[in-house]
There are 2 protein chains.
Amino acid sequence: MSRPLTVRVVGVGMGSQHVTPEAAAALARSAYVVAAEKSADDPLLALRREIAAAHGLEVVAVPDPTRDRDDPADYPGAVRDWHAARAAAYAEVVAARGGDPAFLVWGDPSLYDSTIRVARLMGPDVRVEVVAGVGAPQLLAARCGIVLHDVGRPVHVTTERRLGEAITGGQTNVVVMLTSGPPPAGADGVPDDWCVWWGADLGTEHESLVHGRLGDVRERIAAERERVRAAAGWVMDTYLVRAPGTTP
Amino acid sequence: MSRPLTVRVVGVGMGSQHVTPEAAAALARSAYVVAAEKSADDPLLALRREIAAAHGLEVVAVPDPTRDRDDPADYPGAVRDWHAARAAAYAEVVAARGGDPAFLVWGDPSLYDSTIRVARLMGPDVRVEVVAGVGAPQLLAARCGIVLHDVGRPVHVTTERRLGEAITGGQTNVVVMLTSGPPPAGADGVPDDWCVWWGADLGTEHESLVHGRLGDVRERIAAERERVRAAAGWVMDTYLVRAPGTTP
């Protein structure tokens, strides 16, 4: 096989309603979809199967290598090892199958998603083609009918893990991803008088939105998060927090 | 007319190839498209006409109120006045015409776009419905085949006007919008040893990408910017700058 492999990393937003004509064209040029399978009844795998089927593609599910996510001593090293293990598992499947695979990325591949990095590790001759999709922060903004910042001001996008350092560093308008609960309280957390716009399972039938003063809605967000998880079988959420009086 | 007005603010990415099924459905529920006309041969108006026509909608062009953009004494005030003037011009056109209008937003309405704010000013009973689209930063990332940040790190999104304060404030990974030239040099600018990923007229036939060490490519970006402007008749660019050695 001297033909080089093209791996297409395709952002599909939150489902079929967000698959752009550009994404559809990229899928039409692909032979099949490769997807990580995290458990036997992985709900995000089911959603990928739905999109793939709508575009006439079969899904090859690859059991996900286990990840030592919580090694606090060497987080980047743990992530690198896990990326390499995923890439090796994918490369093996693709070599056996033949043809150019596509990966369906939930949301957009440019934010807190490892698919591009993993695809590049699949082999030295791999050509990676990326198609942008509608991401969770912009969908949150659309659903809430807001712009992500005050006029002409910055928006800082970060993870729950680094939210504390953003706030102590002076950020006053922060989008948070890779969340594990509502905006944290306490010394390292988000002050009660900040505003929050929170959304879970955006764009799905289980979508939930909460907006208000953080001190007033923190418990409601925690409860909604569990309600959505129970109803949908999974929960992915994101939020924007903004200090009071930042509008100039 | 007791029927309340619904104004749809629809992100269309960089053109037809980015119009999602959700956006198409929002356009199908709209009666016509309203668009600002900045000059008689406004090229972005022509692109809007193309998308509207593809969805069977007429474009009502509204001459754009002049904007005192460079009043340094009261920038937010100047923006507010200009938003109010735009909203009044739109409301007049919509009252005369009847039916629910749609606005086509280039890129995504959630970042550095005034359409949502202007739509809310069109009247007290206006219902604003927003549809997310593919934005310039994520399209830049896709075209360059990159994620917008190092593993687990933040991305700071701001304007050229506030880029200096972001860098002096310690940001090391910054997406810049509302640009008027290449990343600025000098004391308030971006250091020469930072990396830049720059893109202009992304997703169009005139798309141009430059990536490299800023000190090596700054002049090339300036030249490309003018080349694209001459070829396309307009230029809209965005870039990501990143300090060296930020990968942990």
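**Notebook: the A–B contact, β10(B) and Ser208(A)**

I began just past α5(B), where Gly145(B) takes a positive phi of about 70 degrees. A reminder to myself before going on: this is a predicted model.

**Entry 1: α5(B)**

Next I stepped back into the helix itself. Is α5(B) largely enclosed or not? I found seven of its nine residues buried, so the rest of the structure largely encloses α5(B). The buried ones I noted are Ala136(B), Pro137(B), Gln138(B), Leu139(B), Leu140(B), Ala141(B) and Ala142(B).

**Entry 2: the contact between the chains**

I then turned to where chain B and chain A meet. Each side was easy to write down: 49 residues come from chain B and 49 residues from chain A. I looked up the area next, since the size of an interface is often given as the accessible area lost when the parts come together. Chain B and chain A bury about 3900 Å² between them, and carbon and sulfur atoms account for 56% of it.

For the polar side of the story, I noted 26 residue pairs in polar contact between chain B and chain A, both residues at pLDDT 80 or more. Which elements of chain B give two or more residues to the side that touches chain A? My list reads α1 (21–28), α3 (75–97), α4 (115–120), β5 (127–131), α5 (136–144) and β6 (155–159). The helix from my first entry turns up again here: α5(B) gives the largest share of that side, six residues. Sorted by class, the side of chain B that touches chain A has 24 nonpolar, 15 polar and ten charged residues.

I also looked for salt bridges and found two between chain B and chain A. One of them I wrote out in full: Glu22(B) and Arg143(A) meet through their side chains at 3.3 Å, N to O.

**Entry 3: a strand pair across the chains**

The β6 strands caught my eye. Strand β6 of chain A, residues 155–159, is joined to β6(B) by three bridges, and the two run antiparallel. Within that pairing I noted Val155(B) as the bridge partner of Val157(A).

**Entry 4: β10(B) and its neighbours**

I moved on to β10 of chain B, residues 237–242, and found six of its six residues buried. In a regular strand the side chains alternate between the two faces of the sheet. Here I saw Asp237(B), Tyr239(B) and Val241(B) pointing one way, with Thr238(B), Leu240(B) and Arg242(B) pointing the other way.

Which strands pair with β10(B)? I noted β7(B), residues 173–177, antiparallel over four bridges, and β8(B), residues 195–200, also antiparallel, with six bridges. Val241(B) appears in both pairings: Val174(B) stands opposite this residue, and so does Val196(B).

**Entry 5: Ser208(A)**

My last stop was Ser208(A), which lies in strand β9 of chain A, residues 208–213. Is Ser208(A) buried or exposed? Its relative accessibility is 5%, and the cut-off for buried is under 20%, so I put Ser208(A) down as buried.

Leaving out residues up to four places away in sequence, I listed what Ser208(A) touches: Trp198(A), Gly199(A), Ala200(A), Glu224(A), Arg227(A) and Val228(A). I followed up on Glu224(A), which is 16 residues from Ser208(A) along the chain, with 7.2 Å between their C-alpha atoms. Their side chains are joined by a polar contact of 2.4 Å.

Methods: Residues are numbered from 1 along each chain as its sequence is written. Chains are lettered from A and ligands numbered from 1 in the order in which they are written. Side-chain values use heavy atoms; hydrogens and water are left out. Contact means heavy atoms within 4.5 Å. Buried area is the accessible area (1.4 Å probe) that two parts lose on being put together, summed over both. A salt bridge is a side-chain nitrogen of Lys or Arg within 4 Å of a carboxyl oxygen of Asp or Glu. A polar contact is a pair of N or O atoms within 3.5 Å; within protein, one must be able to donate a hydrogen and the other to accept it, and residues adjacent in sequence count only if both atoms are side-chain atoms. Ala, Val, Leu, Ile, Met, Phe, Trp, Tyr, Cys and Pro count as nonpolar, Asp, Glu, Lys and Arg as charged, and the others, Gly among them, as polar. Two strands pair if DSSP finds at least two bridges between them. Buried means under 20% relative accessible area, exposed over 50%, partly exposed in between (1.4 Å probe, protein chains only).
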